[in-house]
Amino acid sequence: MRQKYIVKDRAQRCLTKAIDIVGNIFFSFFHIFCRGNRELSNIKKILVIRIDGIGDVVLSTPAIRLLKEKFPQAHISVLVLPKSKEVLEFNPFINKIIICDYDLLGNAWQSFTFLKELIKITRRLKEERYDLGIDLRADFTNILIMFFANIKYRVSQGIRGGNFLLTHNAPYKEIKHEMERDIDVLIPLNCHYSGALRPEIFVIEKDKALAKSLLQKNGITPKDLLIGFHCGAPWEYRAWPKERFAQLADQLIDEYCCKIVIIGGKGEEKLAKEIINLMKHQAVNLTGKLNLRSLAFLIQKMDLFICNDGGPMNIASTTNTPVIALFGPQDPRRFCPFGNTSVFIHKKTPCSPCNQTVCKLRPTCMERITVKEVFNKATSILSRISMLK
């Protein structure tokens, strides 16, 4: 079957194809062991690689559960960045979390530090002697890590290059939700997906107590109509204008006498304060005060969560809370929130989806989303909630 590629840049895509052609010829000619026996046997230790954003790690949890169900006796380790560790802690389907201190996917291949860190993590993994490696992101760097770590069976999708280093190249069918694409990576392992899975975070009592205490300190009770905002974004062009968040918050308070809670991670405190200063009413600012598991519990307690496309949106998918997600450069088909009551707003433009880092479009796709649109979506959801209460 012809290899599909989803590399955005045309020149890079051509280079990736050329490397794969040469690699396939080279490895076929020398009969390298990476094309050896494909029948999985004696799988005792499994490595899952997800050195990616928080949201991507959240969406990988159903695939990890399926993997554990397929290999119940196997020891499963997951390689993640430090910022994503809290998402996977206390997950019963994971035996070990390995931290990759350096973002190998977010830094240039040409740098000396990149090569040094690549060698460092590869040596560390090689000592673990994994039988099976699974790269859920489908990234050439991750495939290289599995190969040089001498992992016997290497599974991924060759959509960004490196298929010649895989023992099992999973099919890439079409654009679909990232959670489902992660599960597709497991197709060569005969992991069966019933369609009932959703992302999950395992919250302990200590995390719940932290969220409850913060709500109590800020005068929020279970009787209050609670609406949460996440106003930050990984990239500038994924963020809805802060003035519109402030205007929306005031309108919701005027209409519903609700409590607004603004959440976010370290580094987003300034943005939250700016939004509160733009409001005529008061909002509760819990930005930077919660760990990721406490955040999941807090979102569970909300009646509605309104957010940009980012990690907290994916964390909200682990709960039953209705979500209004605001999408810009990213394709909502890949990352839209779960749940029958959750919705997204997206203004498709001729240039979307794009690389998200540079935008010459005016107004931007996020600026095309109006306060009225979001307020009307919120009204529709809140009216259904009031009927159920």
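This note sets out some structural points on a predicted model, for reading beside the sequence and structure above.

1. **The six-stranded sheet.** An open sheet is built from six strands, and its pairing is parallel. Read across the sheet, the order is β3-β2-β1-β4-β5-β6. Strands β3 (96-99) and β6 (168-169) form the edges, each of them pairing on one side only. As general background, the strands of a sheet pair through backbone hydrogen bonds, in either a parallel or an antiparallel manner.

2. **The pairing of β5 with β6.** Strand β5 covers residues 153-156 and is joined to β6 by two bridges, in the parallel sense. Within this pair, Val155 is the residue that stands opposite His168 of β6.

3. **Helices on the sheet.** Helix α5, formed by residues 112-128, packs on the sheet and touches β1, β2 and β3. The direction of α5 makes about 155° with that of β3. Helix α3 (residues 61-70) lies across β1 (45-49), β2 (75-80) and β4 (132-135). Relative to β2, helix α3 runs at about 160°.

4. **Strand β10 and its burial.** Are the residues of strand β10 buried or exposed? The strand consists of residues 304-308 and is mostly covered, with five of its five residues buried. The side on which each residue points can also be stated: Leu304, Ile306 and Asn308 point one way, while Phe305 and Cys307 point the other way. The residues of both groups are buried.

5. **The neighbours of β10.** Which strands pair with β10? One is β7 (residues 226-230), which runs parallel to β10 and is joined to it by four bridges. Here Gly228 stands opposite Phe305 of β10. Another is β11 (residues 323-327), also parallel to β10 and linked through four bridges. In that pairing, Asn308 stands opposite Leu326 of β11. Phe305 and Asn308 therefore have opposite partners in β7 and β11 respectively, and they point different ways from β10.

6. **The β-α-β unit.** Strand β10 and strand β11 also belong to a β-α-β unit, together with helix α12 (residues 311-316). This unit is right-handed.

7. **Internal cavities.** Rolling a probe the size of a water molecule over the atoms shows where empty space is left. How many cavities of 30 Å³ or more are counted in the model? The count comes to two. The largest cavity holds about 40 Å³ of space. Its lining is formed by Ile6, Tyr172, Glu174, Ile175, Lys176, Glu178, Arg181 and Arg334.

Methods
Residues are numbered from 1 along each chain as its sequence is written. This is a predicted model: local features need pLDDT of at least 70, side-chain atom pairs count only at pLDDT 80 or more; totals for chains, interfaces and linings use all residues. Side-chain values use heavy atoms; hydrogens and water are left out. Two strands pair if DSSP finds at least two bridges between them. Contact means heavy atoms within 4.5 Å. Axes are lines fitted to C-alpha atoms, for helices over the stretch in contact, and angles run from 0 to 180 degrees between N-to-C directions. Buried means under 20% relative accessible area, exposed over 50%, partly exposed in between (1.4 Å probe, protein chains only). A crossover is right-handed if, with the strands pointing away from the viewer, the path from the first strand over the helix to the second runs clockwise. On a 1 Å grid over the protein atoms alone, a cavity is a set of points where a 1.4 Å probe fits but cannot get out, and a pocket is an open set with protein on both sides within 12 Å along at least five of seven lines; lining residues have an atom within 4 Å of a point. Grid points are joined across faces, edges and corners, and a volume is the space filled by probe spheres set on the points.
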